[in-house]
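Let's take a walk through this fold, one element at a time. Keep the viewer open and follow along.

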Amino acid sequence: MAVDQLTSTFAALADPTRRAILARLAEGDATVNELAEPFPISLQAVSKHLRVLERAGLITRSRSAQLRPSHLDGALLKEAAEWLEKYSGFWGESFDRLDERLNG
């Protein structure tokens with residue numbers, strides 16, 4: 001069964017550690033050691049998270065001497081945000097109806 005890109009993106013975003021890694025990469029490129037600093041997990045675990053993000057197309061990794069910095073690739077995040085945006089009218093209407101019920 002083929003997995004579409006949106007499914008891969010949301011599957012990668014489902015984990016809070018991966019979301020935190022993406023937030024850090026939004027500030028600039030970082031190595032595995034730099035990305036691992038705030039987490040109480042091993043470098044190997046961070047590397048696994050990076051592989052998931054890379055397979056989903058959310059990051060790229062390059063080689064600079066002995067370092068392999070990771071870089072955020074925001075194009076697929078934009079596609080996911082655009083998909084979610086289609087439902088913003090629904091959310092607004094739902095909240096408006098709830099507000100009417102609570103206040104009316």
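**Starting from a strand**

Arg 61 is found in strand E1. Keep in mind as you look around that this is a predicted model. Is Arg 61 buried or exposed? With a relative accessible area of 17%, Arg 61 is buried, because anything under 20% counts that way. So what does this arginine touch, once its neighbours within four places in sequence are left aside? Its contacts are Val 32, Leu 50, Arg 51, Glu 54, Arg 68, Pro 69 and Ser 70. For a sense of distance, try Ala 81: it sits 20 residues from Arg 61 along the chain, and the two C-alpha atoms are separated by 23 Å.

One of those contacts, Leu 50, takes us to helix H4, where Leu 50 is among the buried residues. H4 covers residues 43-55, which makes 13 residues. From its first C-alpha to its last it reaches 18 Å, close to the 18 Å expected at 1.5 Å a residue. The buried residues in H4 are Val 46, Ser 47, His 49, Leu 50 and Leu 53. Look down the axis of H4 and you'll find its buried residues within an arc of 160°, so they line one face of the helix. Spin round to the face turned away from that buried side and you meet the exposed residues Gln 44 and Arg 55.

What lies over the buried residues of H4? The cover includes three helices, H1 (5-13), H2 (16-25) and H3 (32-36), along with strand E1 (59-61) and strand E2 (70-72). Just after H4 ends, there's a backbone detail to check: Gly 57 takes a positive phi of about 80°.

Now for H1, from that list of cover. Its buried residues are Thr 9, Ala 12 and Leu 13. They span an arc of only 100° around the axis, which puts them on the same side of H1. The cover over these residues includes H2, H4 and H5. Zoom in on Thr 9, which is found in helix H1. Its relative accessibility is 1%, so Thr 9 counts as buried. Setting aside neighbours within four places in sequence, Thr 9 is in contact with Ala 56, Leu 58, Leu 76 and Ala 80.

H2 can be read in a similar way. Here the buried residues are Thr 17, Arg 18, Ile 21, Leu 22 and Leu 25. Their arc around the axis is only 140°, which puts them on the same side of H2. Several elements take part in covering them, including H1, H3, H4, E1, E2 and H5.

H5, which spans residues 75-85, holds both Lys 78 and Glu 82. They're 4 residues apart, about one turn of the helix, and their side chains meet in a salt bridge at 3.4 Å, N to O. How many salt bridges does the model count? The count comes to 1. As for the two partners, Lys 78 counts as exposed because its relative accessibility is 53%, whereas Glu 82 is partly exposed at 42%.

Still on the outside, look for a nonpolar surface patch of about 380 Å², made by Trp 83, Leu 84, Tyr 87 and Phe 90. The last of these, Phe 90, is found in helix H6, which runs over residues 88-103.

Arg 97 has its place in helix H6 too. Is that side chain's residue buried, exposed or partly exposed? Arg 97 is partly exposed, as its relative accessible area is 45%. To finish, draw a line from Arg 97 to Ala 65: these residues are 32 apart in sequence and 58 Å apart in space, C-alpha to C-alpha.

Definitions and conventions. Residues numbered from 1 in each chain as written. Predicted model: local features only at pLDDT ≥ 70, side-chain atom pairs only at ≥ 80, totals over all residues. Heavy atoms only, no water. Patch = residues over 30% accessible without salt bridge, like charges linked within 9 Å, V, L, I, M, F, W, Y side chains within 5 Å. Areas by Shrake-Rupley, 256 points an atom, 1.4 Å probe, with all protein chains shown as cover. Salt bridge = Lys/Arg side-chain N within 4 Å of Asp/Glu carboxyl O. Helix = DSSP H or I, 4+ residues; strand = E, 2+ residues; numbered from the N terminus. Expected span 1.5 Å × (residues − 1). Buried < 20%, exposed > 50% of the residue type's maximum accessible area, 1.4 Å probe, protein only. Arc of directions from axis to C-beta. Contact = heavy atoms within 4.5 Å.
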